[in-house]
Amino acid sequence: MLEDDKELKLPAITVFSLAIKYLRDDLVNACKYKFDEDGNKVTEDGIHWVLTVPAIWDDAAKQFMREAAENVSFICLLFVLCSSS
């Protein structure tokens, strides 16, 4: 659990997942009007995502980041399901 300055707590996995989602959404938004070398519009489907972590991290920390990244697609799916109703 992470605690903010107002002593509100949130699971660390949620905080990291939302941070990754923000970075992903920001890049997708920045690419909205970009084109690839063939003149095709850049879409999220055309982006290969790689999340790097320091080699000195232990396996538990690497697994934590892997799960945080996997949660991003769940968060997006949940948002789409909630916003479509």
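A pocket is an open set of grid points, on a 1 Å grid over the protein atoms alone, with protein on both sides within 12 Å along at least five of seven lines; its lining residues have an atom within 4 Å of a point. In this predicted model, the largest pocket is lined by Ile20, Leu23, Arg24, Trp49, Val50, Leu51, Ala69, Val72 and Ser73. The space in that pocket comes to about 310 Å³. By character, its lining residues comprise seven nonpolar, one polar and one charged. Two helices contribute to the lining with at least two residues each: helix H1, covering 12-30, and helix H2, covering 59-83.

The setting of these helices is as follows. The protein contains two helices and two strands, and along the sequence they follow the pattern β-β-α-α. Of its 85 residues, 13% count as buried. Taking contacts between residues at least 6 apart in sequence, 44% join residues at least 24 apart.

Ser17 is a residue of helix H1. Its relative accessible area is 1%, and since buried means under 20%, Ser17 is therefore buried. The side chain of Ser17 has two backbone oxygens within reach. One belongs to Ile13, at 2.8 Å. The other belongs to Ala68, at 2.9 Å.

Next to Ser17 in the numbering comes Phe16, also placed in helix H1. Setting aside neighbours within four places in sequence, the contacts of Phe16 are Leu2, Phe64, Met65 and Ala68. Ala68 thus appears both in the contacts of Phe16 and as the residue whose backbone oxygen the Ser17 side chain reaches. Phe16 can also be placed relative to the pocket lining, of which Val72 is a member: the C-alpha atoms of Phe16 and Val72 are separated by 9.3 Å, with their positions 56 residues apart along the chain.

The contact between Phe16 and Phe64 has a further aspect. A search of the whole structure for aromatic pairs finds one. Phe16 and Phe64 form this pair, with 5.2 Å from centre to centre and 85 degrees between the planes, an edge-to-face arrangement. The pair links distant parts of the chain, as Phe16 lies in helix H1 and Phe64 in helix H2, 48 residues apart. Are the two rings' residues buried, exposed or partly exposed? Phe16 has a relative accessibility of 35% and so counts as partly exposed. Phe64, with a relative accessible area of 27%, is also partly exposed. Both values fall in the range between buried, under 20%, and exposed, over 50%.

The remaining part to visit is the loop between H1 and H2, where Thr43 is found. Thr43 has a relative accessibility of 42%, so this residue counts as partly exposed. Thr43 and Cys31 stand 12 residues apart in sequence, and their C-alpha atoms are 7.5 Å apart in space.

Note on methods
Residues numbered from 1 in each chain as written. Predicted model: local features only at pLDDT ≥ 70, side-chain atom pairs only at ≥ 80, totals over all residues. Heavy atoms only, no water. 1 Å grid on protein atoms, 1.4 Å probe; cavity = no way out; pocket = protein on both sides within 12 Å on 5 of 7 lines; lining within 4 Å. Points joined across faces, edges and corners; volume = space filled by probe spheres on them. Helix = DSSP H or I, 4+ residues; strand = E, 2+ residues; numbered from the N terminus. Nonpolar A, V, L, I, M, F, W, Y, C, P; charged D, E, K, R; others polar. Buried < 20%, exposed > 50% of the residue type's maximum accessible area, 1.4 Å probe, protein only. Polar contact = N/O pair within 3.5 Å; in protein donor to acceptor, adjacent residues only side chain to side chain. Phe/Tyr/Trp six-rings, centres within 6.5 Å; stacked < 30°, edge-to-face > 60°. Contact = heavy atoms within 4.5 Å.
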